[in-house]
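The following exercises ask you to read a fold from its strand pairing and its buried residues. Work through each task with the structure open before turning to the solution.

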Amino acid sequence: MWGLREGQLGLTAYLQRLIVMDFYEHPIQAAPAPRCELCGEVIGVYEPLIAIRDGQARETARSAEPEVADSASSCYHRTCYAPR
Ligand SMILES: [Zn+2]
C-alpha cells in the first residue's frame, strides 16, 4: 500500500519535473523579439510589423501570428517599411 503510494508520488514528481524542465528549455515566447531592420528598435508584440519571408512582405503582428514573425528573414515596423 505504502509502496504503491510512494511510487505514485514519485511518478507525479518525476512528471512535474519533466514539465518544469521543458518549460525552462522551451519557455513560452522563447524567441527573441525581432528588431526592425531599418531603425534597429525592438518590435513590440502588439505593434503592426512587416515580415519579409520568401521575398514577400506581409503585414501582421507577433500577437496575432508569432510564427510569421519568427520565421521571417527580416522584420520592419509598419511605419518604417515603405514599399518602393
Ligand atoms: Zn523601425
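Of the 84 residues of the chain in this predicted model, 12% count as buried, and 42% of the contacts between residues at least 6 apart in sequence join residues at least 24 apart.

**Exercise 1.** Determine which secondary structure elements the chain holds and in what order they run from the N terminus.

*Solution.* Begin with the inventory, which comes to two helices and three strands. Then follow the chain from the N terminus on, where the elements run α-β-β-α-β.

**Exercise 2.** Work out the order of the strands in the sheet, and explain why one side of S2 and of S3 is left without a neighbour in the sheet.

*Solution.* Take the pairings one by one. S1 and S2 run antiparallel and are joined by six bridges; these two strands form a hairpin with two residues between them, and in the turn Asp-54 has a positive phi of about 55°. Strand S1, residues 48-53, also pairs with S3, again in the antiparallel sense, over four bridges. Put together, the three strands form an open, antiparallel sheet in the order S2-S1-S3. Strand S2 (56-61) and strand S3 (74-77) each have a single partner strand and therefore stand at the edges, with one side of each lacking a neighbour in the sheet. As to the geometry of this sheet, neighbouring strands are turned by 30° against each other on average, direction ignored.

**Exercise 3.** Identify the residue in S2 that stands opposite Ala-51, and the residue in S3 that does so.

*Solution.* Looking towards S2, one finds Arg-58 opposite Ala-51. Looking towards S3, the residue opposite Ala-51 is Cys-75. A further pair across S1 and S3 is Ile-50, which stands opposite Tyr-76.

**Exercise 4.** List the members of the largest nonpolar core, decide which strand gives the most to this core, and trace the contacts of Tyr-76 beyond its neighbours within four places in sequence.

*Solution.* The core has nine residues, namely Cys-36, Ile-43, Leu-49, Ile-50, Ala-51, Ala-69, Ala-72, Cys-75 and Tyr-76. S1 and S3 each supply at least two residues of this core, and S1 gives the most, with three. Turning to Tyr-76, and leaving aside its neighbours within four places in sequence, one finds contacts with Cys-36, Glu-37, Leu-38, Leu-49, Ile-50 and Tyr-81. Of these partners, Cys-36, Leu-49 and Ile-50 are among the residues of the core.

Conventions: Residues are numbered from 1 along each chain as its sequence is written. This is a predicted model: local features need pLDDT of at least 70, side-chain atom pairs count only at pLDDT 80 or more; totals for chains, interfaces and linings use all residues. Two strands pair if DSSP finds at least two bridges between them. Axes are lines fitted to C-alpha atoms, for helices over the stretch in contact, and angles run from 0 to 180 degrees between N-to-C directions. A residue is buried if 20 or more other C-beta atoms lie within 10 Å of its own, exposed if 12 or fewer, and partly exposed in between; C-beta atoms are placed from the backbone. Two residues are in contact if their C-beta atoms, placed from the backbone, lie within 7 Å. A nonpolar core is a set of buried Ala, Val, Leu, Ile, Met, Phe, Trp, Tyr and Cys residues joined through C-beta atoms within 7 Å.
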